[in-house]
Amino acid sequence: MAHAVAHRLARVLCVFRIQRDQTSSPVAHPAHPALFAAGNLASRNYLGTVARFIVLEGGEAAGKSTQAALLAEHLGALLTREPGGTAIGEALRRLLLEQSLVAPVPRAEALLMLAARAQHVAEVIEPALARGDDVVCDRYSGSTLAYQGYGRGLDVDELRGLDSWANGHRVPDVVVLLDLPLEIARERLGRSHRDRIESGGDDFLARVHAGFRLLAAQDPRRWRVVDASGTVNEVAALVRKAVD
Ligand code: ATM
């Protein structure tokens, strides 16, 4: 009986999350995604553990997906990716990356990325954080700013606003940038099949690469830059250290 009551109480407490923004006093929010208005909310489960939202970013061939999987396994976190992570997101991913389809104009490409993100945050990320589960996400907002902003030439500040609206103001706690020198990335990419965006040309990929570095430099409190040129195990150790 006592156990059942404790369990119910725990479940009720679990639907509240604590605003961790240092600039304002803690506020409890019901955990429905539609009700999140403020940025950078972290989630506390009933055991008092803070669930973390960790994002891996980077250009091509940096081993990002492998490292995201290894980190998620290490942390016991939910592993997910963008574009994707939901049925709608995976359908949009095929539409966005398939070489044989007609390429969207940059604004349409950006909006499709953001549509996938809106669905992903509401359907997967917010519920996981509300349960108290850590989330490791392979790409997020940084990719939109780097690829559609710095890469395609869309206005980065306008994109920031649209992205923040689309993701319900959910900001990652930590972003790990897997940084690989462009020459090594080109060499690795040369050996593999390229999707539509990867086929954007050397100048495009160089702008994306520089864009990621700029984003990391602008927000050093959140972004950690990891040298991705080592072996899988070496990079995995650096990634784990970066999120500790
Ligand atoms: P992966 O490389 O992680 O599978 O991502 C698929 C592509 O989606 C990647 N392009 N390449 N190559 C980056 C691209 N992308 C964007 O252009 N904008 C975004 O917002 C996201 C999440 C991904």
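1. In this predicted model, strand β5, residues 53–58, and strand β8, residues 174–179, run parallel and are joined by five bridges. Within this pair, Gly58 is found opposite Leu178 of β8.

2. Strand β8 also pairs with strand β9, residues 223–227. This pairing is again parallel, and it extends over five bridges. Here Leu178 faces a partner in β9, namely Val226. Leu178 is therefore a useful residue to locate on β8, since Gly58 stands opposite Leu178 and so does Val226.

3. Helix α5 deserves separate attention. How many of its residues are buried? Eleven of the eleven residues of α5 are buried, and the helix is mostly covered. Among them are Ser143, Thr144 and Tyr147, together with Leu145 and Tyr150.

4. Against which elements do the buried residues of α5 pack? They pack against two strands, β5 and β8, and against the helices α4 (106–131), α6 (156–166) and α8 (202–218). After α5 comes Gly153, which has a positive phi near 95°.

5. The ligand has 15 residues around it, and Ser143, Thr144, Tyr147, Ile197 and Glu198 come nearest. Helix α5, spanning residues 141–151, supplies four residues of this shell, the largest share. By character, the shell comprises seven charged, five nonpolar and three polar residues.

6. Taken together, these points place α5 in two settings: its buried residues pack against β5 and β8, and α5 contributes four residues to the shell around the ligand.

Definitions and conventions
Residues numbered from 1 in each chain as written. Predicted model: local features only at pLDDT ≥ 70, side-chain atom pairs only at ≥ 80, totals over all residues. Near = placed C-beta within 6 Å. Nonpolar A, V, L, I, M, F, W, Y, C, P; charged D, E, K, R; others polar. Pairing = 2+ DSSP bridges. Buried ≥ 20, exposed ≤ 12 C-beta atoms within 10 Å, placed from the backbone. Contact = placed C-beta atoms within 7 Å.
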